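Morning, everyone. I have one model to go through, in two parts: a sheet with its neighbouring helix, and then a second helix.

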Amino acid sequence: MIRIRTRLFILHVLVLTLLVVLAVRLWQVQVVRGQEFVTRAAETRTRTVIVPAVRGQILDSSGRPLVRNHTSLVVSVDRTTLSRTPDGGVGVLRKLGAVLGKPLRELQQRIRPCGPTVSQPCWTGSPYQPVPIEEKAGTREALQILERQEEFPGITAEIQSVRQYPLGQAGAQMLGYLQPVTEAELEKREGLKAAYSGVDLAGRDGLEQVYDEALRGKSGQRRVQVDRMGKPIGLEQEVRPVSGDHLITSIDAGLQEVTERALHRAMERAPKADGGAAVVLDARTGRVLALSSAPGYDPGIWAGGITAGAYQRLMSEKSGKPLVSRAINGQFAPGSTFKVSSVAAMLRAGYPIDGTYGCPGSYMVGDRAFNNFRGIGLGTLTLHTALVRSCDTIFYRAAYEQYLRDGGRSPKKTAKEVFANTARGFGFGSPTGVDLPGESAGRIPDRAWKKEMWTLTSATNCKRAQTGYPEVTDRARADFLKRLAHENCTEGFVLRPGDSANFSIGQGDVLVTPLQLARAYAALVSDGKLRSPRIGWARVRPDGTVVETYDVPVVGRLPVSEKERVYIKNALSEVASDGTAAGAFSGFPMDEVRIGGKTGTAEVWGKADTSWFASFAPTKNPRFVVVAMISQGGMGSQAAAPAVREIYEGIYGIKRPAVLPGGKPVSTLPTFRPDGTVARG
């Protein structure tokens, strides 16, 4: 009996203990953590889905698309869901590969996150973002995935907007491309993470990068009710996405294609040519009408992720680095096209505008003879004729005289460095500020630059002065390099007489970009104002409502008087008809459209000459500035000038329909119909 009572007592204690524990637990669940569980319960009933906005188009000045959108079936993989499967998703990927016709290894590489030790192909976006692995899936493949979702957890097939490039390779570097948003961007850009859809792409390079925020739009949001299996059963709330704005540019699509063809044909005519660039500016406004760089590439290669081999080709020297824009990033010695700055420098230094100057076949600069082209003397010339016939020795002499006036090897504290400072006044040595990323500054090699370079390179040069260049098999070349290293070691900080002479004709260490040269000529032949070129013209809503227009800022004025500017312009007006470019323009109807400009032939050690032609038309009241550069193209009149001629023939409709009827760029923004289509284009 006692045992029974003891057992009953213990049972009562256990029951009471369990009731107390249950009460405490209920209190914790309902009171202490009640709100937390209510929130979790709500989350299990609803799902928030971020809906990406349709990205705005990039249009030309008439409203024709340079970059547009088209819908495509996109198959994506959610790495997080795959990682929760027993085999880490290998089985799912193997089945997916069978549907898409892709090997398992390729799919595994495509979805792995990129990192310092992981090369392409890999995923550059957020590790929590679905990875698109097929952007051109067929309806059959999509249905196989959607109808058997239990076999494909984490795999989706959805209609998405994909970028399309109607002009193909034309202007690829200028337009840019899209890549997934990275974790760093999500943390850095305020508000982006909250509106992140998981499939957002960000502009990389070109206009896509500069105008990314406007083109991107604003993501929408859907709150969807789901059952316990996660299947949607109703829509609770929806905020529609706001499409991105369209970017209207000053580019003319027809002229862009003409420029691309002219550039590529010029390179085909020059057997050693390894690159080129062409720029067309509106001389009066500073807007860019065409911008080309060769070699080019198809920007559609980025869609769906780029392979390691394709990326290496875009960046390899062997392929010519097609990802790099030679128009804004390429830095080249400008040759005689630079003489417009040197004439202005002479006038600033006091040389008379109406004076005459000897043009011998060679001129002694210090202890070295500097020759005219082919050593030919041209007699006594005015500065006007010196530009038309491209005399070098006149400029050698003036530059050397100014070098000595500044103190030579031991410069005075009051050294004016008139040639270098005038070049800066023409905009050389600094970026133009064009609305494209990564623009190069060029180089103006003055005394300060020489000292800076010596500080950076003296240790290497001094070492090479001792060891020489045993790896160079050409002994004459190796001996030359060793002597040069010794000279740069001991006095590399000194601006030498030959440096000044070379500078005056756009040779030696002076470097410019094709866009820099084009905007300098635009200022010279228009109103003397130096402008920062612009490609973006206006931002408009899809219905055509103008949100913002982009002005072309004036950033300086050429260091010449109006009389001097007109004098130089008039001299250049004879180059294509009676000067160094006359052969290239033989048969061109100068009575209808007179072309002015300047040829340039820049020597490059170990390579063929760089071919330049900087031009403007019509000469009386210039509207266009066209600059072409062909790396290893030979003389300016052989490669660059014929390319420029072909561009003008396209503009004015000579032997072909005119891409700019009446020889005028589009001056008003395109108009749109209520449905967003272009009413005038």
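Start with helix α23, residues 640–652, which lies across three strands: β11 (275–282), β22 and β23 (624–631). Against β23, the helix runs at about 145°. Keep in mind that this is a predicted model.

Now the sheet. It is open and has five strands, in the order β12-β11-β23-β22-β21, with antiparallel pairing. At the edges are β12 (288–294) and β21 (596–604), each of which pairs on one side only. From one strand to the next, the twist averages 5°.

Take the pair at one end of that order. β21 and β22, residues 607–617, are joined by eight bridges in the antiparallel sense. To pick out one position, Gly600 has Trp612 in β22 as its bridge partner.

On to the second part, helix α18, residues 475–491. With 17 residues at 1.5 Å a residue, α18 should span 24 Å, and its end C-alpha atoms are indeed 24 Å apart, so the two values agree.

Which residues of α18 are buried? They are Ala478, Leu481, Ala485, Asn488 and Cys489. These cover an arc of only 100° around the axis, and therefore sit on the same side of α18. What they pack against is α17, residues 447–467. Ala476 and Arg483, on the other side of α18, are exposed.

Last, the start of α18. There, Asp474 places a side-chain oxygen within 3.1 Å of the backbone nitrogen of Ala476. Ala476 is thus a residue to look at twice: it is exposed, and its backbone nitrogen takes part in that contact with Asp474.

Notes
Residues are numbered from 1 along each chain as its sequence is written. This is a predicted model: local features need pLDDT of at least 70, side-chain atom pairs count only at pLDDT 80 or more; totals for chains, interfaces and linings use all residues. Side-chain values use heavy atoms; hydrogens and water are left out. Helices (H or I, at least four residues) and strands (E, at least two) are DSSP runs, numbered from the N terminus. The expected span of a helix is 1.5 Å times one less than its number of residues. Buried means under 20% relative accessible area, exposed over 50%, partly exposed in between (1.4 Å probe, protein chains only). The arc is that of the directions from the helix axis to the C-beta atoms. Contact means heavy atoms within 4.5 Å. A polar contact is a pair of N or O atoms within 3.5 Å; within protein, one must be able to donate a hydrogen and the other to accept it, and residues adjacent in sequence count only if both atoms are side-chain atoms. Two strands pair if DSSP finds at least two bridges between them. Axes are lines fitted to C-alpha atoms, for helices over the stretch in contact, and angles run from 0 to 180 degrees between N-to-C directions.
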